[in-house]
Every structure is written in C-alpha cells, then in structure tokens.
Amino acid sequence: MASCSERKQSGSLVAKMAEFVELLESWVREHGGFVHPAVGIHKGDRGRGAFASKDLAGELCRLPPKLLISEKLAEGSMAFGHELRMAAEEFTAAPGLVLLTAFLLHEGAAGAHCNSFYAPYFHVLPKKLSSLPVCWPDDHWLHSTIKGSHLERQVRAKRHNLGLEFALLKSYVGKLPLTWEDFLWARCIVSSRAYSLQSQRCLVPWADLLNHGTSSEVCVRYGLEGETASDFVMNLGQLVPQGAELLQSYGDKPNATLLLDYGFVLPQAPPAVVSLAFQLPQLLETDPALKEKKVFWTRVSKGRSFRKGELLLEVDEAAEAFLELLRAAVVCGQPQGSSCDLEEKLQDPSVEMEALIRLQHSAQQALGKLCEFEGPEVKEDWEVVSQQNCAQALADERCVLQSLVARAKRES
C-alpha cells in the first residue's frame, strides 16, 4: 500500500499533467487548431487516455501543418539534417525516425525548461519509459523472464540497431551532451508515437494521447485533409457515448511487437511470431547432382546462402514458408537425378512426412527454451506490470509452438 507521502506525490504529478494537457490544448487552439472541448484526458484502465465527457460524434481534432513535427521539418530545421538523412538511409529502412529523434534532442524536448515552439507538446510526453524492454538496465532481472524466447531475440536485435543509430547521431549532434539515456528516451518516444502520413513519419501533438484499441474497439479515424491535404484531422466514425474511451489503432500487431514498441499487451492479440531452428542442408562435393541442388535451393530459399550450420528463423502460425524450406532441405539431402526430379520430389509424401517431423522437433526445442522466472519477492509497480506483460507475450509464443507441435503430429 502506498504511503501518505507517495499518494501526495502521485496526486501532485496527476495535477501537474492535467495542467500540461490544458496548456497543450490552448496552444493548439491559439495556432489555428481544434480540439473538441468535450474530451477529457485522464487515467483509465489502459493508463492515461482520452474520454468523452458527453456523447460525441464528428470531428475530434484538427491540427494545421505548422503544429505537426514531420521528418521534413526535422531535416530542414537542423544544419546537418540532409546529411543525417543520407547517412541514415544507408542502414535503416526508417530514416525519418532517426531525423525525428535528432530533432527532439536538438530542441531539448526532455528538459523541464525547454523553450522550443513545441514545448507545450514536449511537456506532456512521458519522462520514464521503463515499460519498454529496450529501456531496461542491462543487468535487470526482467531480462531473465524472456530468456530463450523470440521476444528476447527481438529485444536484442532492437538494442543492437539502436546502438548503431546512437553512434551515428553522436557524430552529427556533436554540440549536444548526448548520452545513451537521452537518445533512448527520444528514440522510443518517436517509435511509439510517430504516425505515417503521406510516406512521412510525423509527431502529432495531442492526437498521440489516444490509446490503442482492437479493430472492434476503435472509434477514431485520422488522415490529412483540407484544401492542400495538409491538416491532420481525427474524426469519430460512430457515436461515442459519455464516459467511453476514444481509441485509435496502432496496427494489427502481436503482443510481442506491442510490448517492444509501446510497452503494453492485450488480452487478445494476433498470433505470435516465434523463432525456430533450421538446419541448413549439407551437400557433399562428390554429389553428382550438386550443381542442380544448388540452383534448386537458391530458387526455393529465395536466395538464402547455401552453407553449413543452423539458422534461427521467424515463423508465423501457418509456418508455410518454414515448411517449404524444410521440404527443400529434405530433398537436397537425398540422392537425386536431374533438376526436374528435385521439383517433383517436393510433392512426395515421404518428403512431407520428414518435413513435419523436423517441424515438430524445432517447435519442441523452442518450447523447451521458454522459462518461467519469478524474480525477487519485492518489486516496484512498473516491474510487476512489465513481468505480467512479458508473461502474456510468452504465453502467446507458447500457444503458437504448441499448435505447431500438434499440427505436425496430426499430419505426419
């Protein structure tokens, strides 16, 4: 139970945030924007969100282009913007996120005394992002709760990529005292809040206060409208009753992705993606069909390199692409004649049987790697929530793996 001083501190933070939200809405209106006056921002079951204070329909908010923080704005407002974009395009598919991250750092968005034009927006951004796995300290016990999972693999891959981006930004934002913690905060703010609008990533003040909902819960639609299609507009697609939360969609994503990018999970989400081990086919140089098999493997594997060893591959619930690779590996491991025989062998029942056996083995192997780690007896609130979120994400992985094992047993 929280102490009296903790409750007072919590109440003070809530009051301060309400003040910041009010200042943000005033800022939007002062600069030609619109926010529906019958929408209240306060805490609900999903955390802070937007709620209807009366029955609502029609336009929810409208922001003119000067209030939007687009990647084009970020690039043009920094002396090194264009050069940074060119460099970011060499190693990331989303250079706009790097530009927006640099902009937040350049504008001092994390500071309490920020003087940027966008300061009213920056003040409402969360200052702690401990619910995101990439923000956990390296030696934190929560990492043990996801050990051996596909989620762990995703966290490590994202941390690696963020490390590359950090090194890049340090070489361009040299005049700022850039720390890993500052970068991580700005980068996670951008990746969890940026919209995709006309092929550009963009931060949209106030609109990003709305939480995510499933397809049946979403009541908000958004896009660029106006004479030049440059105003950001949110509309309610249906009548929303008083007291209901206004929800938008962050995309149809599995819980592991929601946790990795946004720091939450849903009771019901799309099936998880899992990591399965795949043994690459091993060919002998003395195999008379070596050349044909290499051509065949290159076609079936869509150019995957032909070498010895084991790969970890991402596999969805259907596992069709994984099974196709397994069939090809089985065929390559058998003595064959011409390339025509190789193609025909893919339809052989014995090949299908062996592929299913290998699928079952890989899925059982992945199940065996998933662990249950309780952690310390005394935990902070954010640790409790994070552990629960991880447990849900891993339960989704386990469900898919068990389904693959059952399918392989049934069909083999």
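**Gly 223.** I looked up the burial of Gly 223 in this predicted model and found a relative accessible area of 17%. The cut-off for buried is under 20%, so I put Gly 223 down as buried. The residue sits in strand 9, which runs over residues 220-225. I then listed what Gly 223 touches, leaving out residues up to four places away in sequence: Asp 231, Phe 232 and Val 233. I also checked Gly 223 against Lys 127. The two are 96 residues apart in sequence, and their C-alpha atoms are 28 Å apart in space.

**Nonpolar core.** Phe 232, noted above as a contact of Gly 223, came up again when I turned to the largest nonpolar core. I recorded 124 residues for this core. Those with the most contacts inside it are Leu 60, Phe 122, Trp 206, Phe 232, Leu 246 and Leu 276. Which helix gives the core its largest share? I found helix 11, residues 320-332, with nine residues. I next asked where the core lies with respect to domain 1 and domain 2. Domain 1 (66-262) and domain 2 (274-411) both contribute residues, so the core lies between them. For background, I noted that nonpolar side chains tend to be buried together in soluble globular proteins.

**Leu 246.** I picked Leu 246 from the core list and looked up its contacts, setting aside neighbours within four places in sequence. Leu 60, also on the core list, is one of these contacts. Others include Val 39, Ala 50, Ala 52 and Leu 56. Further along the chain I noted Leu 210, Asn 211, Cys 219, Val 220, Leu 236 and Val 240.

**Helix 9 and helix 14.** I took helix 9 (residues 255-262) and helix 14 (residues 381-411) as a packed pair. Their axes are 8 Å apart, and the packing angle is about 150°. Angles over 145 degrees count as roughly antiparallel, so I entered helix 9 as roughly antiparallel to helix 14. From helix 9, I found Asn 255, Ala 256 and Leu 259 at the contact. On the helix 14 side they meet Asn 389, Cys 390, Gln 392, Ala 393 and Asp 396. By class, I recorded four nonpolar, three polar and one charged residues for this contact.

**Whole chain.** I closed with totals. The protein chain has 14 helices and 13 strands. Of its 412 residues, 47% are buried. Along the principal axes, the C-alpha atoms fill a box of roughly 75 × 50 × 45 Å. Among contacts with a separation of 6 or more, 73% join residues 24 or more positions apart.

Note on methods
Residues are numbered from 1 along each chain as its sequence is written. This is a predicted model: local features need pLDDT of at least 70, side-chain atom pairs count only at pLDDT 80 or more; totals for chains, interfaces and linings use all residues. Side-chain values use heavy atoms; hydrogens and water are left out. Helices (H or I, at least four residues) and strands (E, at least two) are DSSP runs, numbered from the N terminus. Buried means under 20% relative accessible area, exposed over 50%, partly exposed in between (1.4 Å probe, protein chains only). Contact means heavy atoms within 4.5 Å. Axes are lines fitted to C-alpha atoms, for helices over the stretch in contact, and angles run from 0 to 180 degrees between N-to-C directions. Angles under 35 degrees count as roughly parallel, over 145 as roughly antiparallel, 65 to 115 as roughly perpendicular and the rest as oblique. Ala, Val, Leu, Ile, Met, Phe, Trp, Tyr, Cys and Pro count as nonpolar, Asp, Glu, Lys and Arg as charged, and the others, Gly among them, as polar. A nonpolar core is a set of buried Ala, Val, Leu, Ile, Met, Phe, Trp, Tyr and Cys residues joined through side-chain atoms within 4.5 Å. Domain bounds come from an automatic or database domain assignment.
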